Amino acid sequence: ALPEDAHAAELTDKSIKYKLGPGETRNVVITGCNSGIGRDAAAKLAAGGYNVVLACRTLEKAEETKKGIEEEVGRLRNGQAKPLLTPMECDLSSLASVRSFADKLISMRIPIDVLVLNAGLSLSTGAKPPPPRTAEGFELTVGTNHLGHFLLCNLLLNEISKNQRGARIVVTASQVHDPDSPGGNVGSRATLGSMAG
């Protein structure tokens with residue numbers, strides 16, 4: 001397993017595929033950006049000049065991510081202006097937290113150009129019952145990976161639709177659902193159990 005602060009690759013000028021021109025601004029909101037592909041995407045977008053809202057489970061994780069990305073991008077940009085990174089708390093396992101995040105984001109009155117629904121978790125399929133639950137009583141994986149993102153997207157949809165520049169919603173996924181892939185190697189295989197009557 002990768003450490004939580006690990007990300008996909010070293011940030012280099014060649015790895016920055018999407019660079020904004022002088023005076024251009026674009027705002028990207030990314031959930032789950034403190035590790036994995038979300039962290040890598042946030043760093044690359046920030047290095048390309050994008051304003052990135054770092055939506056993490058806790059404000060502490062979002063602030064740590066901001067500091068790490070600023071240091072990384074600062075080394076690459078040789079002292080040029082720091083990227084605009086906004087750390088915010090958005091615990092997708094709590095619908096109240098999702099609503100609070102959306103309210104705060106909307107009150108900031110920044111156009112949302114891209115909403116990246118990336119956060120996710122995968123509990124070991126070998127976990128013993130009862131499965132962990134969200135604050136609202138949903139199974140934790142479903143509540144976090146699906147219901148939290150569904151609510152967030154719906155709460156921000158009106159703001160996204162106001163964007164005249166052609167906003168996008170990006171949903172990421174992993175191969176955790178496929179037990180034959182490297183991403184699916186997370187424990188015992190899910191089964192329906194014995195179907196004997």
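**Strands, helices and a few loop residues**

Colleague: Where does Asn118 lie?

Modeller: In this predicted model, Asn118 lies in the loop between β4, residues 114-117, and α4.

Colleague: Is that residue, Asn118, buried or exposed?

Modeller: Asn118 has a relative accessible area of 13%, and because buried means under 20%, Asn118 counts as buried.

Colleague: And which residues does Asn118 touch, leaving out those up to four places away in sequence?

Modeller: With those left out, Asn118 touches Ile30, Thr31, Gly32, Ile37, Gly38, His149 and Thr172. Ile30 and Thr31 in that list belong to residues 27-31, that is, to strand β1, and His149 falls within residues 140-162, which make up helix α4.

Colleague: Let me step back to the whole chain: how many helices and strands are there?

Modeller: The chain has 4 helices and 5 strands, and read along the sequence they follow the pattern β-α-β-α-β-α-β-α-β.

Colleague: What is the order of the strands in the sheet?

Modeller: The 5 strands form an open sheet in the order β3-β2-β1-β4-β5, and the pairing is parallel. The edges are taken by β3, residues 85-89, and β5, residues 168-171, each of which has a single partner strand, so one side of each is left without a neighbour in the sheet. On average, and with direction ignored, neighbouring strands of this sheet are turned by 15° against each other.

Colleague: How many bridges does β1 make with β2, and how many with β4?

Modeller: With β2, residues 51-56, strand β1 pairs in the parallel sense over 5 bridges, while with β4 the pairing is again in the parallel sense, over 3 bridges. To give one residue for each, Val29 has Val53 as its bridge partner in β2, and Ile30 stands opposite Val116 in β4.

Colleague: Which helices pack on the sheet around there?

Modeller: Helix α3 packs on the sheet and touches β1, β2 and β3, with its direction making about 145° with that of β3. Helix α4 also packs on the sheet, where it touches β1, β4 and β5, and its direction makes about 175° with that of β4.

Colleague: Why would you call β1 largely enclosed?

Modeller: The reason is that 5 of the 5 residues of β1 are buried, so the strand is largely enclosed by the rest of the structure. Both of its faces are covered, with Asn27, Val29 and Thr31 buried on one side and Val28 and Ile30 buried on the other. For the chain as a whole, 38% of the 197 residues count as buried.

Colleague: Back to those two helices, at what angle do α3 and α4 pack?

Modeller: Helix α3, residues 95-107, and helix α4 pack at an angle of about 25°, and their axes are 10 Å apart. Angles under 35 degrees count as roughly parallel, and α3 and α4 are therefore roughly parallel to each other. Their crossing is right-handed.

Colleague: Which residues meet there?

Modeller: From α3 the residues are Leu95, Val98, Arg99, Phe101, Ala102, Leu105 and Ile106, and they meet Leu147, Gly148, Leu151, Leu152, Leu155, Leu156 and Glu159 in α4. Sorted by class, this contact has 11 nonpolar, 1 polar and 2 charged residues.

Colleague: Changing topic, what is the phi of Arg109?

Modeller: Arg109 has a positive phi of about 55°, although it is not a glycine. Most residues other than glycine have a negative phi. Arg109 sits in the loop between α3 and β4, and at 75% relative accessibility it counts as exposed.

Colleague: What about Thr58, where does that one lie?

Modeller: Thr58 is in the loop between β2 and α2, the latter being residues 59-77, and with 29% relative accessibility Thr58 counts as partly exposed. Its C-alpha atom is separated by 10.0 Å from that of Ser97, which is 39 residues apart from Thr58 along the chain.

Colleague: Last one: is Val73 buried or exposed?

Modeller: Val73, which is placed in helix α2, is buried, with a relative accessible area of 1%. Val73 and Gly49 are 24 residues apart in sequence, and C-alpha to C-alpha they are 10.0 Å apart in space. Across the chain, 71% of the contacts between residues at least 6 apart in sequence join residues at least 24 apart.

Conventions:
Residues numbered from 1 in each chain as written. Predicted model: local features only at pLDDT ≥ 70, side-chain atom pairs only at ≥ 80, totals over all residues. Heavy atoms only, no water. Axes fitted to C-alpha atoms, helices over the stretch in contact; angles between N-to-C directions. Parallel < 35°, antiparallel > 145°, perpendicular 65-115°, else oblique. Left-handed = near helix turned anticlockwise from the far one by under 90°. Contact = heavy atoms within 4.5 Å. Nonpolar A, V, L, I, M, F, W, Y, C, P; charged D, E, K, R; others polar. Buried < 20%, exposed > 50% of the residue type's maximum accessible area, 1.4 Å probe, protein only. Pairing = 2+ DSSP bridges.
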